[in-house]
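These are my notebook entries on a single chain, written while going through its helices, a surface patch and a charged pair.

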Amino acid sequence: MLKKVPLAASYSKVKRLLLKEERAADALHFNTMLNNMVNHQIHYDYVTGLFQIFWHGLAPVSSRLTKSNVYPRGEKASSEINYVYTFDTSHDF
């Protein structure tokens with residue numbers, strides 16, 4: 001039985017936790033995000049994170065900007081930036 005590794009789900013979860021904490025720096029690579037979370041004592045199951053680092057290391061992430069808009073609102077403006085994250089799973093595992 002082939003079991004799929006939920007790369008997008010685990011990456012998304014860690015990315016959301018990291019972005020929620022203003023004190024920790026954002027990062028692209030999974031291991032760097034976890035390291036930033038450890039350094040800023042953000043609660044996470046780091047034993048599971050070690051296994052996830054392995055799988056994310058085998059299928060590295062890349063990103064590209066798909067859309068960026070600025071919306072004027074009086075004296076302040078809001079912006080919208082969309083990135084697409086992909087994982088290299090060409091290794092057939």
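For the entries below I took two residues to be in contact when they have heavy atoms within 4.5 Å. I also noted at the outset that the model is predicted.

Entry 1, S10. I first looked up S10 and found that S10 lies in helix α1, residues 7-20. With neighbours within four places in sequence left aside, I listed F30, Q52 and H56 as the contacts of S10. Is S10 buried or exposed? I recorded S10 as buried, because its relative accessibility is 9% and the cut-off for buried is under 20%.

Entry 2, helix α1. I then checked the length of α1. Its 14 residues should span 20 Å at 1.5 Å a residue, and I found its end C-alpha atoms 20 Å apart, which agrees. Which residues of α1 are buried? I listed L7, S10, Y11, V14, K15 and L18. These buried residues cover an arc of only 130° around the axis, so I placed them on the same side of α1. On the other side of α1, I noted R16 and K20 as exposed. I next asked what covers the buried residues of α1. The cover includes the helices α2 (30-39) and α3 (46-58), and also β1 (61-73) and β2 (76-87).

Entry 3, the charged pair. How many salt bridges does a search of the whole structure find? My search returned one. In this salt bridge I found the side chains of K15 and D26 meeting at 2.7 Å, N to O. K15 belongs to helix α1 and D26 to the loop between α1 and α2, so I noted that the pair ties together parts eleven residues apart in sequence. As background, I wrote down that side chains of opposite charge can pair when their charged atoms come close. I then compared the accessibility of the two partners. K15 counts as buried at 8% relative accessibility, whereas D26 is partly exposed, with a relative accessible area of 44%.

Entry 4, helix α3. I repeated the length check on α3. This helix has 13 residues and reaches 18 Å from its first C-alpha to its last, close to the 18 Å expected at 1.5 Å a residue. I listed G49, Q52 and H56 as buried in α3, and I recalled that Q52 and H56 are among the contacts of S10. The cover over the buried residues of α3 includes α1, α2 and β2.

Entry 5, Y46. I looked up Y46 next and placed it in helix α3. Its relative accessible area is 26%, so I entered Y46 as partly exposed. Not counting residues up to four places away in sequence, I found that Y46 touches L34, M37 and V38. I also took the separation of the C-alpha atoms of Y46 and A9, which is 16 Å for two residues 37 apart along the chain.

Entry 6, Q41. Where does Q41 lie? I located Q41 in the loop between α2 and α3. I noted that Q41 has a positive phi of about 50° although it is not a glycine. With a relative accessible area of 72%, Q41 is exposed.

Entry 7, the surface patch. Finally, I looked for a nonpolar patch and found one of about 400 Å², made by L65, I81, Y83 and Y85. Which element gives the most to this patch? I recorded β2, with three residues. I81 has its place in strand β2, and I entered I81 as partly exposed, with a relative accessible area of 47%.

Notes: Residues numbered from 1 in each chain as written. Predicted model: local features only at pLDDT ≥ 70, side-chain atom pairs only at ≥ 80, totals over all residues. Heavy atoms only, no water. Buried < 20%, exposed > 50% of the residue type's maximum accessible area, 1.4 Å probe, protein only. Expected span 1.5 Å × (residues − 1). Arc of directions from axis to C-beta. Patch = residues over 30% accessible without salt bridge, like charges linked within 9 Å, V, L, I, M, F, W, Y side chains within 5 Å. Areas by Shrake-Rupley, 256 points an atom, 1.4 Å probe, with all protein chains shown as cover. Salt bridge = Lys/Arg side-chain N within 4 Å of Asp/Glu carboxyl O.
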